[in-house]
Amino acid sequence: MLRRITAAAGVLLFAQGIVAAEVHLLPQPREAHFSGEVAIPAGIRVEVPGRDAEDEFAAHDLEEAVMSFGAKSDASYPVILLRADSADGKAALAADHVSLSPEMAEEGYALVVGPAQAQVIAESAKGIFYGVQTFKQLLPLAGQKAEIPAGTVRDWPAMKYRAIDDDLSRGPFPTLEFQKHQVRVFASFKVNIYSPYFEHTLQYPNQPLAAIPGSAMTPADVAELVRYASQYHVTILPEQEAFGHLHHVLKYDLYADAAETPHGQVLAPGQPQSLELIQDWFGQIAKEFPSPFMHIGADETDDLGRGRTKDAVKQRGYGPVYVEFLTRIHDALAPLHKRLVFWGDIGGADPAAVSKLPKDMIAVPWNYGDTKGFDKMIEPFAKAGIETWVAPGDANWSLVYPDANVAFGNIQGFIRDGQRLGSTGALTTVWNDDGEGLFNQDWYGVLFGAVAAWQPGESSIPAYQAAFGPVFHGDGSGKINAAEEELMLANQTLGRVKTDFNSDDLFWLDPWSAEGQAVGVKLIPLAEELRLHAEKAIVLVEQARAGNSQLREAAALDAMDLGARRLDLIGMKWELSNEMARAYARAITGQHDKDQQSEIYGLLYGISSNNGNMQDLQNAYSATRDEYARVWLGENRPYWLGNVLARYDLQIQKWQQRGWRFDEVIRGFDGKKDLPTAESLGMPAVN
């Protein structure tokens, strides 16, 4: 009897003769029926009878995935890629009693895994490619038997556009090789749009001033990335801010006439130079990027009405002035024959103004924290007949490790409601507000966005979590999934501290400052709990690595280890700082008691010595600095790294200097001097 496996809404998975938990597929297919296993002891060979070039590429992608099973031979298990309109494809569909419904035409596929062969059947090259991605996930993990589940899959996406937005303007800037890696991973999870976000980091030959050498995509970079991504059916959709978020352009006096406020961050709608600049930028973008879309940004235009447009906004209102400028941008760029995508802030700021927008634009309402209440963000555009994509967030900004507790619920709810209200796409975002973001820490969140955009309805968070480790890392032990759960618990613990500081602020905050002491009142009782979750994550990752030398995405595991160690250091800093303050208070109280001299020295050397707490913190920042630099350079260009390492250097210096000063205190105590007050050492006094 077939056994039903609970999965995402609208998805049916069945299994017989195999353990349900072993069938890990991301995204979950619409329909999947598995019964028994097929042995593949002689490996796998891939056949493309139609010899289509795009299907040959999909075959090569699969061949790379099965290389570990040995060289192909006549005895190998065949995987055959068939177009549905070919004679072989029609025969296969009839023989397997499988149909391709109309909604499967563009990207859907059927996958049939039988005892003698497997067949991927689709009407399009995209369908063939996506069927191959699903088959790859059926392959056994390292150490498992050489067998795959037998059965049938029918699958197609819920949303036409499944996109990832990557912030390339606030510090970290990926190497071209890492961007190619992103494309490969995105495509394997059926993402079809990669949207790099630019404020000043796309190089324009006519406007070269703002693009800092070493931290901008050149025309050659763009050409290569576009070429590479097209093989994986991924469209590169550039987002060049064209209204707000342009401080790193407008800080130059050359663009003073385009600024709403001096050296501000918003273009002034009424200034001729504003539209000239936009036309120049997007004229080049249209030539370099074959995408049918161009993203013009236009979010968070907070300066609008504070400078050159003050009178216009006062007389006509914020919404009309904003919409008029977007319309002017739309009309000016119309000759480029691209559809313009823009952030949908105006839907909340002035819903009544939305009806005046051109109807062929695509609005992207965004929300990065809520889990419900999304209808009001989407409906103003839907009612005006404007297409929408929804944009949830990975909750990575200004955090030492992304908070999946926030991201999962936000992604799940926003994409679910977007589908219900007719949104055609989902654009899952990462932002690097603090300049410290590492994309290798973002996979857990952004890939749930990819999965939820393909799957219909409300995607299951537990199903995704269970499948993530096996599918992304090739980990069958469950330890990587458990480590991610520990990091979620660590972030939950920090969330209970209830301060205005995010975890990145806490990482740099001096625990002995006035602010640090106020935070410590709330954080110290939770420090041990925080550290235990982080330390368990570190152990689990290393245990998984030790047990499986073939784990995938090693760089992401490095980034995960780094995130856990930074979380641990937050707890350690307040824990040890509190212990030092209390130890010093005891030392001062007993300093004149000769019977306590041995204990007093023990307390003092515990604060500063080879094994002192001050040195522990200095060494922890030093070690984390080195690890951070390695992880950064594993994905990013060197630019901006110095700004982050300078923060580490200041922390190392701080605890080094405190250690030296305290060594003076100990030498003075040796010379029979009284211990100075805690306050004179920058240490909080403890009663």
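**Exercise 1. The nonpolar cores**

Task: In this predicted model, determine which residues of the largest nonpolar core touch the most other members, and which helix gives the most to this core.

Solution.
Step 1. The largest nonpolar core holds 133 residues, and those touching the most other members are Leu 81, Phe 135, Ile 296, Phe 342 and Trp 443.
Step 2. The helix that gives the most to this core is H13, residues 443-454, with ten residues.
Step 3. Apart from this core lies another one, of 68 residues, which includes Leu 438, Leu 509, Leu 540 and Val 665.

**Exercise 2. The surroundings of Trp 443**

Task: List the residues that Trp 443 touches, not counting those up to four places away in sequence, and state which aromatic cluster contains Trp 443.

Solution.
Step 1. With those sequence neighbours left out, Trp 443 touches Phe 178, His 181, Gln 182, Val 185, Phe 186, Tyr 464, Phe 468, Phe 472 and Ala 556.
Step 2. Trp 443 belongs to one aromatic cluster together with Phe 178, Phe 186, Phe 189, Tyr 194, Phe 408, Phe 439, Tyr 444, Phe 448, Tyr 464, Phe 468 and Phe 472.
Step 3. Phe 178, Phe 186, Tyr 464, Phe 468 and Phe 472 thus appear both among the contacts of Trp 443 and in the cluster.

**Exercise 3. Classifying an aromatic pair**

Task: Classify the geometry of the ring pair Phe 243 and Phe 325, and locate both residues in the chain.

Solution.
Step 1. A pair of aromatic rings is described by the distance of the centres and the angle of the planes.
Step 2. For Phe 243 and Phe 325, the centres are 4.8 Å apart and the planes stand at 75 degrees.
Step 3. Planes over 60 degrees apart count as edge-to-face, so the pair of Phe 243 and Phe 325 is edge-to-face.
Step 4. Phe 243 lies in the loop between strand E12 (239-240) and helix H6 (247-250), whereas Phe 325 belongs to helix H9 (residues 318-333). The pair links distant parts of the chain, 82 residues apart.
Step 5. Phe 243 is buried at a relative accessible area of 0%, and Phe 325 is buried at 1%.
Step 6. The search of the whole structure finds 47 aromatic pairs.

**Exercise 4. Charges over rings**

Task: State how far Lys 190 lies from the ring centre of Trp 454, and which ring the charged end of Arg 658 sits over.

Solution.
Step 1. Lys 190 is placed over the face of Trp 454, 5.6 Å from the ring centre.
Step 2. The ring under the charged end of Arg 658 is that of Trp 655, with 4.7 Å to its centre.

**Exercise 5. Helix H1**

Task: Compare the span of helix H1 with the expected value, then describe its buried residues and its start.

Solution.
Step 1. H1 (residues 53-65) has 13 residues and reaches 19 Å from first to last C-alpha, close to the expected 18 Å.
Step 2. Its buried residues are Asp 55, Phe 57, Ala 58, Ala 59, Asp 61 and Leu 62.
Step 3. Their cover includes strands E4 (44-47) and E5 (77-83) and helices H3 (125-138) and H5 (219-231).
Step 4. At the start of H1, a side-chain oxygen of Asp 52 comes to within 2.9 Å of the backbone nitrogen of Glu 54.

**Exercise 6. Backbone geometry**

Task: Describe the peptide bond from Leu 26 to Pro 27, and state whether Lys 498 is buried or exposed.

Solution.
Step 1. The bond from Leu 26 to Pro 27 is cis, with omega near -5 degrees; Pro 27 is in the loop between strands E2 (12-15) and E3 (31-39).
Step 2. Lys 498, although not a glycine, has a positive phi of about 60 degrees. Lys 498 lies in the loop between helices H15 (479-495) and H16 (503-508).
Step 3. Lys 498 has a relative accessible area of 61%, so it is exposed.

Key:
Residues numbered from 1 in each chain as written. Predicted model: local features only at pLDDT ≥ 70, side-chain atom pairs only at ≥ 80, totals over all residues. Heavy atoms only, no water. Core = buried A, V, L, I, M, F, W, Y, C linked by side-chain atoms within 4.5 Å. Buried < 20%, exposed > 50% of the residue type's maximum accessible area, 1.4 Å probe, protein only. Helix = DSSP H or I, 4+ residues; strand = E, 2+ residues; numbered from the N terminus. Contact = heavy atoms within 4.5 Å. Phe/Tyr/Trp six-rings, centres within 6.5 Å; stacked < 30°, edge-to-face > 60°. Lys NZ or Arg CZ within 6 Å of the ring centre and 35° of its normal. Expected span 1.5 Å × (residues − 1). Polar contact = N/O pair within 3.5 Å; in protein donor to acceptor, adjacent residues only side chain to side chain.
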